[in-house]
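User: I'd like to go through the charged and aromatic contacts in this one. Can you take my questions one at a time?

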Amino acid sequence: MKLNISNLGFIVILVVLNLGLAFYATPITNLGDANAYILLSKSFLGENINVNLQYRSPLFSIVMAGFMIIFKAPFLYKIMIVFQYLLVAVTAWLVYQIFLRLFIKREMAMLVALMFNLSLSTIYYANILLTETLTVFLLVLSVFLLLRVFDQNSMNRIFSLGTVIGLLILARFNAIPIFITFFILLGYILFVQKNSMIKWISSMMGFIFAFALIVNLWCIYNFQHNGFYGIFPNAKLSIPKNPRNITIASIRPGDIVSEVNKPVLEIILKAREKYLNREKKVRKGSFSGLDKNEVLSGLYSGYAIYNMAYPKLQAYYKLQKNNDKSKKIPGFNDFLNEIFAQKRKYFWKYRFYSLLSGFRAAGHTLPEKYGNLNFNILPSIILKAYKLAFLFMSFFILLAFFFFIVSTIKARFKPDVTLLTMFFLVFSFWGVNFLFVTVNDANRFKFPVEPLIIGLFVYYSHGFIRRLMVGKTRWKLIVNSMSEKIKHFLRNYEKRTLLFFFILTLILKIIYVVIYFHSAGTTNWSDDWQYLSMGKQIADGNWSPVMKSLPFMIVAPMIPVLIALFTKIFGSAFFSFLLYNILITSLVVIVLFYLGKEIFHRKVGWALAFWGVFNLEYFRYNPHFLKEATVFLFLPLTLLFLVKSIGHKSNVKFLIIASFSFAWLIHSDERFVVYFPFLSLILFMSKPIKKAIQSIGLWIGFVLLLMLPWGIRNYLVFDQIVIISPRTTAFTSKIWGKNLSKLSFSTDLKLDDAKYKRALLFGSEHGITPRAFRKNEKYIRAFINFWQPAYFKAEYIQFGFRPQKWSMAHNVFSLLFYGIFLPFYLIGLVVLLKKKYVLGIFIAMIPILHSLLHAYMIWPLERYRSPINFIVVMIGIWTITVFRENMTKKNVPIGGTPLIASQWKKKESF
C-alpha cells in the first residue's frame, strides 16, 4: 500500500476524529450485557464472581482483562473507550482500503469509511463496554485478508485469515455460522485462481487448521476450568427447535399445556401482564406509535418477560439462586416444547420479522443519564430520519443484489469477488437472524456488516446516479466550463467580488445587531458598562478614569479612547461604536483574502474570505463595547503587511502600515505585546540578511514610536514605566516598578466562596462534582480546553471549578467554523514541514504558541482562542487544496510571496 499524502492525511483525520470522540465519550458499564463482560474479565484474573458466564463470548473480556492488569477502575473504563474508538479508526481505514477496490475515486471510499465511523450505531457501541466494536473490526479485517488472498495467494495470508475468523467466533458466538461463509468464499477464490487440486486442498486445510487452533485453545480452557470441552455448554450448531425468547413471546391466555406445566404457564402469564402494563407507559422504539399489530411486542417481549418470571421459575424448579438467566432449565425446556408445538405459524411469521428487523440500524439513542455523546440531544426527526435512511439502504441492497446477479450472468458467471464477498456476508448475517429467530437482537447481531451495507449502498447509488446524469464527457465539459467561467470572473473582477463580499458582510452584521438589540437589548452586557464608563470619563477630560474596583484604568486604552472620541463627535458613542465594530469586522473579509493569497494562493484566499463572511465569531461581539471585534481585524492585518513587506522594494510603506496596525492591536489588547519579538522574526525571511536587519530595525522603531504617547501618559500617571496597561506590570514588576494590577498571573488556585458556591450549584444541576485539578493536570487540561471545539456535556475548566456548558447550536457552529478544520490544520503542519515552506511553518506555529501561553496562564477560554482561528482555518483550507490537487495529480502552488524560500516560484491559481 502506497502511503501518499492523501492516505496519510486520511489516517490522521480518522485518528484525530476518534480520539476526539473518545475524549467526549462517557464509558457505559451498566447497560445491556456490559457488566457481564466486566465480570467475565475479573474471572479470567482469578476473582470469584459467583455468576455462571460460560455462555458469554470471551474475547472482549480477555482483552479487557489485559487492560485490568495495568489500569484500575474507573480509569480503566475510559482507557477501554479510547481502545474501542481506536479500533473504530482502524476499522474505518480497512473499510476505506476494501472499497478502494470498487471506486475509481478515493474520495468515495473515504466517504464510505466516514459514514461508518460517524454512524449512530458505531458511536453507540463504541461508548459501551460490549464486544460489538471488536467484532466489527475482526469481521472487516477478515474481509480485507480474504481479498488479499484473492490478490496473491500465500499460506501466511490464509493462516492469518483462519486465525482472525477464529477470533471473530470468540468475539461473538452468533458469528459461528459465518465460518461456513468464509469457507465457501475462500474455496471459490482458490478455484478461480486455477490452483492445482493439491494446492487447493492444502490451502483449505491450512485455513481450517488456523481456525481450529484458535477455537480449540478456548475449548481446552473450558475443559480445564469449566469441566466441558466445547465453545460453550451444550453447544449445538443446529437450528434450535424452540428459541426461548420468541416462544415465550407467543404465549397467550388460553394456551393449553399439561398439568405439570400449568403452574409454569401461570408464572409466565403473570409476568406477561406485568410487562404489558409497563409497556403502556413506556413504548419501545421511536416508531412504536405505528405498531398497530403489536409486532414490536413479539420482537421485544420474550426476553423481558423471561427476566420478570425468572425468580419465580427458580423457586418453582428449586434451583440454586444465581443471576445467570442464560443457563437452561431442563424442566422449563419441556414447557417450551409444548408451547412451540402449538405456535408453528407464529414462529414462522417471526422468522420473517426477525429478518426484517435485521434491516434496521443497530444503534439507537442512549438514555440521558449516560452523559456524553448522547444523541437524545438531537431533534427526534433527525433520529427517525436516520433509522428510515438505514432501512432504505438495507432494502436498496436487497434490490442491488438482483442487479449484481444480472451483471454476473452478463459477465459469463464471473462475478466481481469484492462484491460477491460483501453480498455473501450481508446475506449470511441476515440468514442467521432468519434461521435462529433472533427477534429483538436481529439488528444488533448484524451490526458487523453495517460498514458493508453502507459501502454497497454508496457504490450502487453512485453508479445509479451516474447513469441518470448526462453522459460523462458532456457532464465534465459543463462542469469545467462553469469552473473556468468562475475562475475567469474571480481573476478579472477580484476587487468587485471583494466589494460584494464586504457589502454582504456589512448588511448581515447590521441585521444581526438590529435583531440582537430588539430581542436582548443590553441584558447580556457585563464589561461593556465599564468600557462605556471609562470612555465617558475620558470624554469629560479625565485621562485617569477609575474602574468599578480600581482607582485607575487597568485595561488597554484604545476602546475607552474610541468611545470618548465618538462621544465628543456625536454626543453619544452608542451607534457610532457599534458601526465601528460592524465596519472593522466586515473589513476582515478583505484582509483574509489577501492574507491567504499572499501566503499561499488565490484559492485559499477566496475560501478564507467566504469563511469570514459567515464566521459567527465575527458577528458575536458586534453588539458589544468590547475589544474582541478590534482584535479580529488588526491581528490578520498586521500579519498581512509584515508578509507583504518581505522582498518588496516598497517595504518601508508596508512596515509603516504593519506598525500602525500592531500598535492599534496592542493598545486594544495588551496581551498581544508579547508577540512583538516573535513577529519580528518574520522579517528575517527577507533576502539578503542586511535588508532583513534593516527591516527589523524599522519595524521595532515604528512600533516603539507609536507606543510612546501612551507610554508618556502612563509614566506621568503611575510614576513608572508601564507598557500599555497596568496589567503588564504583573510581569514587568519582576524587573522594575510595582505590580499595579490585581493580577499576579499565578498558576495557583484562588477560589472565593461565591465562585465555589456557583461551582457546586452547577454541579448539582448537571450531576457532576467540582474538584481541584492536580499540579500538572491543570496545564494539560487547559491546553486541551483551549483547542476544544465543542462541549457536549457540562464540565469544569481552568483549575477545576469554572463551569462550562455549551448549547447544541454553539457546539454545531463551533464545529462548522473551527472544529472541522482542526485535523487538516494538524496535517498541514506536517505537510509544511515536509515541503520546508518556511513562511507557512512560521504562520502555522502562531496558534500553537498562543495556546501554550494561555495554557501556562490557565486561561483556556474560547474568546481567547477566537482571534487566531483564522490561521487554523487558513492552514486547513490550504491542506484540503493540496489533498485535492494530489488526488487529481495536479501541481498545486505552495506559496505566493517571493524570496521566502528560493525553491518556490510565485505561482497563482485563480
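**Salt bridges and ring pairs**

Analyst: Sure; the count here comes to 19 salt bridges. Keep in mind that this is a predicted model.

User: Where does Arg-101 sit, the residue that forms a salt bridge with Asp-151?

Analyst: The closest N and O atoms of Asp-151 and Arg-101 are 2.8 Å apart. This pair links distant parts of the chain, 50 residues apart. Asp-151 belongs to helix α7 (residues 132-151), while Arg-101 is in the loop between α4 (75-99) and α5 (106-117).

User: Is Asp-151 buried, partly exposed or exposed?

Analyst: Buried would need under 20% relative accessible area and exposed over 50%. Asp-151 has 44%, so the label is partly exposed.

User: Which residue does Glu-494 bridge to, and in which helix is that partner?

Analyst: Glu-494 starts from helix α21 (residues 494-519), and its partner is 108 residues away. The closest N and O atoms are 3.0 Å apart, and the partner is Arg-602. That places the partner in helix α25 (residues 602-614).

User: Is Arg-602 buried or exposed?

Analyst: The cut-off for buried is under 20% relative accessible area. Glu-494 is at 11%, so that end counts as buried. Arg-602 has 12%, so the answer is buried.

User: How many residues apart are Glu-670 and Arg-727?

Analyst: Their side chains meet in a salt bridge at 2.7 Å, N to O. Glu-670 lies in the loop between α28 (651-666) and α29 (676-680), and Arg-727 lies in the loop between α30 (689-718) and α31 (729-732). Both Glu-670 and Arg-727 are buried. Along the chain, the two are 57 residues apart.

User: Which residues are joined into one network by salt bridges that share partners?

Analyst: Shared partners tie the bridges together here. The network consists of Arg-771, Arg-774, Glu-777, Arg-781 and Glu-795.

User: On to the rings: how are Trp-218 and Tyr-221 arranged?

Analyst: The total is 81 aromatic pairs. In this one, the centres are 4.9 Å apart and the planes make an angle of 10°. Planes under 30 degrees apart count as stacked, so Trp-218 and Tyr-221 are stacked.

User: Why are Trp-218 and Tyr-221 separated by about one helical turn?

Analyst: Both belong to helix α10 (residues 197-225). Trp-218 is buried at 8%, whereas Tyr-221 is partly exposed at 24%. The turn follows because their spacing in the helix is 3 residues.

User: Last one: what is the relative accessibility of Arg-863?

Analyst: Arg-863 helps form a positive surface patch with Lys-755, Arg-758 and Arg-802. Arg-863 lies in helix α37 (residues 862-865). Arg-863 counts as partly exposed, with a relative accessibility of 32%.

Notes: Residues numbered from 1 in each chain as written. Predicted model: local features only at pLDDT ≥ 70, side-chain atom pairs only at ≥ 80, totals over all residues. Heavy atoms only, no water. Patch = residues over 30% accessible without salt bridge, like charges linked within 9 Å, V, L, I, M, F, W, Y side chains within 5 Å. Areas by Shrake-Rupley, 256 points an atom, 1.4 Å probe, with all protein chains shown as cover. Salt bridge = Lys/Arg side-chain N within 4 Å of Asp/Glu carboxyl O. Lys, Arg positive; Asp, Glu negative; His and termini not counted. Charge placed at Lys NZ, Arg CZ, Asp CG, Glu CD. Helix = DSSP H or I, 4+ residues; strand = E, 2+ residues; numbered from the N terminus. Buried < 20%, exposed > 50% of the residue type's maximum accessible area, 1.4 Å probe, protein only. Phe/Tyr/Trp six-rings, centres within 6.5 Å; stacked < 30°, edge-to-face > 60°.
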